[in-house]
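Here is a friendly walk through one model, with the sequence and the 3D view to hand. Please keep both open as you read.

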Amino acid sequence: MARIELVLGDITEQHVDVVVNAANSSLLGGGGVDGAIHRKGGPDVLAACRKLRAGHYGRGLGTGQAVATTAGRLPATWVVHTVGPVWSAAEDRSALLADCHRNSLRVAADLGARTVAFPAISTGIYRWPVESAARVALTTVAATDLPEIATVRFVLFDRATYDVFDVVASEVV
Ligand code: AR6
């Protein structure tokens, strides 16, 4: 099993092989993590995303799927873009949130990545409650055994989110 780390910080500053982007199905940018990755990664990231849209992903990236591009000017080597589910109180979409994590790790392993950094997918603009998202993210990563991946780092942007991940990690990992 990969070592799981929690850090308080900015995902665009991580020196890892892969940073995971909390993207949307257009792959063409947005706010939050997505905006920061495109801003700091620069035009090569957007160009690679446009190429994906012109090819296999003409209809966009489905919720729970993952695909890689260059990381452009980021310190990471690759960005793996995934689309989290929008929170719904009426419908349990946890399986899709788990898919995001599992599929991102598989794409990273196929690239030969050893270190992968995730943000708290779906907990911002997509409004997923942090404790529930942390439980899905941490249990899924802990259960996804890919020998290539040595370290998975959750990069939490604020202290409150970090503290919730820390409590959940002590229960499930
Ligand atoms: N580093 C680490 N975490 C961050 C950063 C950062 N630089 N910036 C924000 N966060 P969000 P979502 C935290 O909204 O909920 C975009 O428009 C943030 O505080 O980035 O999956 C996409 O294009 C929150 O805890 O992702 C989609 O349309 C977490 O990262 C939509 O937002 C996720 O927040 C995706 O929404």
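## Around the ligand

A polar backbone atom of I11 lies 2.9 Å from a nitrogen atom of the ligand. Before going further, please keep in mind that this is a predicted model. Two other contacts involve oxygen on the ligand side. V33 offers a polar backbone atom 2.8 Å from a ligand oxygen atom, while D34 uses its side chain, where an N or O atom is 2.7 Å from an oxygen atom of the ligand.

Which residues come nearest to the ligand? There are 21 residues around the ligand, and N24, G31, V33, D34 and G124 are the nearest of them. V33 and D34 thus turn up again here, after their contacts at 2.8 Å and 2.7 Å.

## Two helix pairs

Now for the helices. Two packed helices are described by the angle between their axes and the distance between the axes. The table puts these values side by side for two pairs that have α4 in common.

| Helix pair | Angle | Axis distance |
|---|---|---|
| α3 (residues 94-111) and α4 | about 40 degrees | 9 Å |
| α4 (residues 130-143) and α5 (residues 159-172) | about 45 degrees | 9 Å |

Angles of 35 to 65 degrees fall between roughly parallel and roughly perpendicular. α3 and α4 are therefore oblique to each other, and α4 and α5 are therefore oblique as well.

Take α3 and α4 first. Their crossing is right-handed. On the α3 side, S94, L97, A98, H101, R102 and L105 take part, and they meet A133, V136, A137, T140 and V141 of α4. Sorted by class, this contact has seven nonpolar, three polar and one charged residues.

Then follow α4 to its contact with α5. What is the handedness of the crossing of α4 and α5? The crossing of these two helices is right-handed. From α4 come V130, E131, A134, R135, A137, L138 and T139, and facing them in α5 are T161, V164, F165, V168, A169, E171 and V172. By class, the contact of α4 with α5 holds nine nonpolar, two polar and three charged residues.

One residue is worth finding in your viewer: A137 of α4 meets α3 and also meets α5.

Notes. Residues numbered from 1 in each chain as written. Predicted model: local features only at pLDDT ≥ 70, side-chain atom pairs only at ≥ 80, totals over all residues. Heavy atoms only, no water. Axes fitted to C-alpha atoms, helices over the stretch in contact; angles between N-to-C directions. Helix = DSSP H or I, 4+ residues; strand = E, 2+ residues; numbered from the N terminus. Parallel < 35°, antiparallel > 145°, perpendicular 65-115°, else oblique. Left-handed = near helix turned anticlockwise from the far one by under 90°. Contact = heavy atoms within 4.5 Å. Nonpolar A, V, L, I, M, F, W, Y, C, P; charged D, E, K, R; others polar. Near = heavy atom within 4 Å. Polar contact = N/O pair within 3.5 Å; in protein donor to acceptor, adjacent residues only side chain to side chain.
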